[in-house]
Amino acid sequence: MNEQTELEALRAELAAAKEDAAELQDIFDLQWEADMRAVRLWRAANPGNELVLPDRANLVVWLLGLVERSAALPGSRESERCFCGQPAAHKVEEVVFADDPQTIRHPLTSYVCSEHFREIMGPAAK
């Protein structure tokens with residue numbers, strides 16, 4: 001193998017290594033941002049711990065508890081009806097965040113049948 005071929009091979013290896021490093025950095029950044037969002041939620045729910053970085057396993061358990069407590073109870077839609085009169089198959093909720101510039105708005109919660117759910121959600125309803 002001559003020097004020119006060896007140099008080209010090394011350049012190709014370097015380019016591949018740089019691509020791998022960039023992909024790993026993107027993955028790390030995505031995970032870090034998600035972790036920091038979770039930490040901010042945890043800190044807001046635990047006043048006086050603004051300088052605490054919770055253990056990741058404990059943070060995941062805490063987040064799962066939030067999800068479990070916010071899940072709809074089985075059968076909670078049983079007596080609900082869509083505005084068309086059909087039994088409700090889905091619950092649609094609009095969230096108004098605390099930093100919304102229109103402070104007079106309020107969240108919407110609506111129970112809808114499968115047909116109207118597909119109309120609202122489009123392709124995401126599948």
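Let's start with a pair of cysteines: the sulfur of Cys84 has its closest cysteine sulfur in Cys82, at 3.7 Å, which is too far for a bond. Cys113 tells a similar story, with 3.8 Å between its sulfur and the closest cysteine sulfur, again in Cys82, and this too is too far for a bond. A disulfide here is a pair of cysteine sulfur atoms within 2.5 Å, and the structure holds 0 of them. In general terms, a disulfide is a covalent bond between the sulfur atoms of two cysteines.

A word on the ground rules: this is a predicted model, in which local features need pLDDT of at least 70 and side-chain atom pairs count only at pLDDT 80 or more, while totals for chains, interfaces and linings use all residues. Residues are numbered from 1 along each chain as its sequence is written, and side-chain values use heavy atoms, with hydrogens and water left out.

**Confidence and overall layout**

The pLDDT is the predictor's confidence in each residue, from 0 to 100. Its mean over the protein is 85, and 92% of the residues reach 70 or more. Among the elements, helix 1 has the highest mean pLDDT (93) and helix 2 the lowest (83).

The protein has 3 helices and 2 strands, where helices (H or I, at least four residues) and strands (E, at least two) are DSSP runs numbered from the N terminus. Read from the N terminus on, the elements follow the order α-α-β-β-α. The radius of gyration is 25 Å, well over the 14 Å that the globule rule gives for 126 residues, so the protein is more spread out than a compact globule. That radius is taken over C-alpha atoms, and the globule rule is 2.2 Å times the number of residues to the power 0.38. Along the principal axes, the C-alpha atoms fill a box of roughly 80 × 45 × 35 Å.

Two C-alpha pairs help to give a feel for these dimensions. Thr5, in helix 1, is 77 residues from Cys82 in sequence and 70 Å from it in space. Asp29, also placed in helix 1, is 37 residues from Leu66 in sequence, with 24 Å between their C-alpha atoms.

**Surface and burial**

Of the 126 residues, 13% count as buried (buried means under 20% relative accessible area, exposed over 50%, partly exposed in between, with a 1.4 Å probe and protein chains only). The accessible surface comes to about 10,600 Å², of which 57% belongs to carbon and sulfur atoms. These areas come from the Shrake-Rupley method with a 1.4 Å probe; for residues, only the protein chains shown count as cover.

Here is how some individual residues fall into these classes.

| Residue | Relative accessible area | Class |
|---|---|---|
| Cys113 | 6% | buried |
| His116 | 13% | buried |
| Asp29 | 30% | partly exposed |
| Thr5 | 35% | partly exposed |
| Cys84 | 39% | partly exposed |
| Arg56 | 43% | partly exposed |
| Leu53 | 56% | exposed |

**Contacts and a salt bridge**

Contact means heavy atoms within 4.5 Å. Among contacts between residues at least 6 apart in sequence, 32% join residues at least 24 apart.

His116 sits in helix 3 (residues 114-121). Leaving aside neighbours within four places in sequence, His116 is in contact with Cys82, Phe83 and Cys84. Two of the cysteines from the opening thus return here, Cys82 and Cys84, as contacts of His116.

Leu53 belongs to the loop between helix 1 and helix 2. Not counting residues up to four places away in sequence, Leu53 touches Met36, Val39 and Arg43. The C-alpha atoms of Leu53 and Trp42 are 9.3 Å apart, for residues separated by 11 places along the chain.

Side chains of opposite charge can pair when their charged atoms come close. The structure holds 1 salt bridge, a term that stands for a side-chain nitrogen of Lys or Arg within 4 Å of a carboxyl oxygen of Asp or Glu. The partners are Arg56 and Asp35, whose closest N and O atoms are 3.1 Å apart. Arg56 lies in helix 2 (residues 56-70) and Asp35 in helix 1 (residues 3-45), so the pair ties together parts that are 21 residues apart in sequence.
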